[in-house]
Every structure is written in structure tokens, then in C-alpha cells.
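Biologist: I have this one open next to me, and I would like to go through it slowly with you. Please start with a single residue and work outwards.

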Amino acid sequence: MNLKQELFKQCAGFVNKRLQTVEEIILSNQKALHSETKSSAGDKHETGRAMLQLEMEKASQQLAGISIMNQILAKIDTSKSSEIAHLGSVIITDKANYFLSISAGKLTAFGKDYFAVSVSSPIGKILLGKKVNDQFLFNNAKNKVILIK
């Protein structure tokens, strides 16, 4: 398995783990909502139901975000490489290593750390379109692109 495939696999695992967590929250809230209907009446009952409804709305927003991440991952072709940084590129700089994909945080592959960043994140926007030897400022530090895979 090459570097891009490994990073892609870790990003997919990140998304699947988030999906599993959100599904568990939804299931738990559905059970709680069902038991709320059987419990006491009055203001306490209504407050409990309202809080559970808010939790369900929050969980459905998270599901929408997970769906977007899956759509982004579906656009990545790990076999494609280019001299210009694009979605799916691994960018090695003199300061850090990046995988332009989804915001999944720090990943480790083949003994090195990489930051999975979205192309819409501040660093992702900067990296998009860069070439080897391009320099850029990020967090008031000068960075240089060493390699793009």
C-alpha cells in the first residue's frame, strides 16, 4: 500500500468512526425520547423532550457533515499524482506534511506524521495550487514546498 492509499484509508476510518458515534447518539436519544413519553407529565417532561429534540437536531447536522466528508473522499483518486497540489495530494514542506482531503487531524503513516486538511481550511486554501519550491506564509512562519505526491 502506498502513502496516499494509507492516508486515504485512515481518513475513511476517521469518517466511519464518527458515523458510528453519531448513529449511537441518535439511537440512544430515540430510546430516551421513547421512555420520556412514558414518564411523568408536566414541565419537567416537556423540558426533557425539548432537550432530546435539540440533541437529535445536532446529531442530524453531524450526519450531514459526515455525508459531505464521504462525498469529498469519493472524489479522491489515490493513483493520480500531479506537480500541482490538488484534492488528494500529499504535500511535504520544510515544516510539516499534509494530505489535502478532509479535516481529520494528525495521521501517522510509515513512521511520519501528516495533517489531513480540508481544501476549504486556511492551510488547505494556501496549499491548493502550490508547486515544488513554492514558498508561503502560514501562522507567521515561512514554509517551502519540498515535494508533492
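**From one threonine to the whole sheet**

Modeller: Thr93 counts as buried, at 6% relative accessibility, where buried means under 20% relative accessible area, exposed over 50% and partly exposed in between, using a 1.4 Å probe and protein chains only. Before going further, please keep in mind that this is a predicted model, in which local features need pLDDT of at least 70 and side-chain atom pairs count only at pLDDT 80 or more, while totals for chains, interfaces and linings use all residues. Residues are numbered from 1 along each chain as its sequence is written, and side-chain values use heavy atoms, with hydrogens and water left out.

Biologist: Fine. Which element is Thr93 in?

Modeller: Thr93 belongs to strand S1, residues 90-93; helices (H or I, at least four residues) and strands (E, at least two) are DSSP runs, numbered from the N terminus.

Biologist: And what are the polar atoms of its side chain close to?

Modeller: A polar atom of the Thr93 side chain lies 3.2 Å from the backbone nitrogen of Lys95, and one lies 2.6 Å from the backbone oxygen of Ala96. A polar contact here is a pair of N or O atoms within 3.5 Å; within protein, one must be able to donate a hydrogen and the other to accept it, and residues adjacent in sequence count only if both atoms are side-chain atoms.

Biologist: Which residues further along the chain does Thr93 touch?

Modeller: Not counting residues up to four places away in sequence, Thr93 touches Tyr98, Phe136, Asn143, Lys144, Val145 and Ile146, with contact taken as heavy atoms within 4.5 Å.

Biologist: Now the sheet: in what order do the strands run?

Modeller: The open sheet has six strands in the order S3-S4-S2-S1-S6-S5, with mixed pairing, and two strands are said to pair if DSSP finds at least two bridges between them. Strand S3 (105-109) and strand S5 (135-138) are the edge strands, each pairing on one side only. From one strand to the next the twist averages 40°, with axes being lines fitted to C-alpha atoms (for helices over the stretch in contact) and angles running from 0 to 180 degrees between N-to-C directions.

Biologist: How do S1 and S6 pair?

Modeller: S1 and strand S6 (residues 141-148) pair in the antiparallel sense over three bridges, and Ile92 has Leu147 in S6 as its bridge partner.

Biologist: What about S3 and S4?

Modeller: S3 and S4 are also an antiparallel pair, over five bridges, with Asp113 in S4 as the bridge partner of Thr108. The two strands form a hairpin with two residues between them, and Phe110 in the turn has a positive phi of about 55°.

Biologist: Switching topic, how many salt bridges are there?

Modeller: There are three salt bridges, each requiring a side-chain nitrogen of Lys or Arg within 4 Å of a carboxyl oxygen of Asp or Glu. Lys9 meets Glu6 at 3.7 Å, N to O, Lys95 meets Asp94 at 3.8 Å, and Lys106 meets Asp113 at 3.6 Å.

Biologist: Why are Lys9 and Glu6 about one helical turn apart?

Modeller: Because they are three residues apart in helix H1 (residues 3-38), about one helical turn separates them.

Biologist: Are the partners buried or exposed?

Modeller: Lys9 is partly exposed, with a relative accessible area of 46%, whereas Glu6 counts as buried at 16%. For the pair with Asp113, Lys106 counts as exposed at 55% and Asp113 as partly exposed at 34%.

Biologist: Last topic, the interior. Which residues touch the most other members of the largest nonpolar core?

Modeller: That core has 21 residues, of which Leu7, Cys11, Val90, Ile102 and Tyr114 touch the most other members; a nonpolar core is a set of buried Ala, Val, Leu, Ile, Met, Phe, Trp, Tyr and Cys residues joined through side-chain atoms within 4.5 Å. Two or more residues each come from H1, helix H2 (43-74), S1, S3 and strand S4 (112-118), and the largest share, six residues, comes from H1. Apart from this core lies another of eleven residues, among them Ile91, Leu127, Phe136 and Val145.

Biologist: Which residues does Leu7 touch?

Modeller: Leaving out residues up to four places away in sequence, Leu7 touches Val90, Phe99, Leu107, Ala109 and Tyr114.
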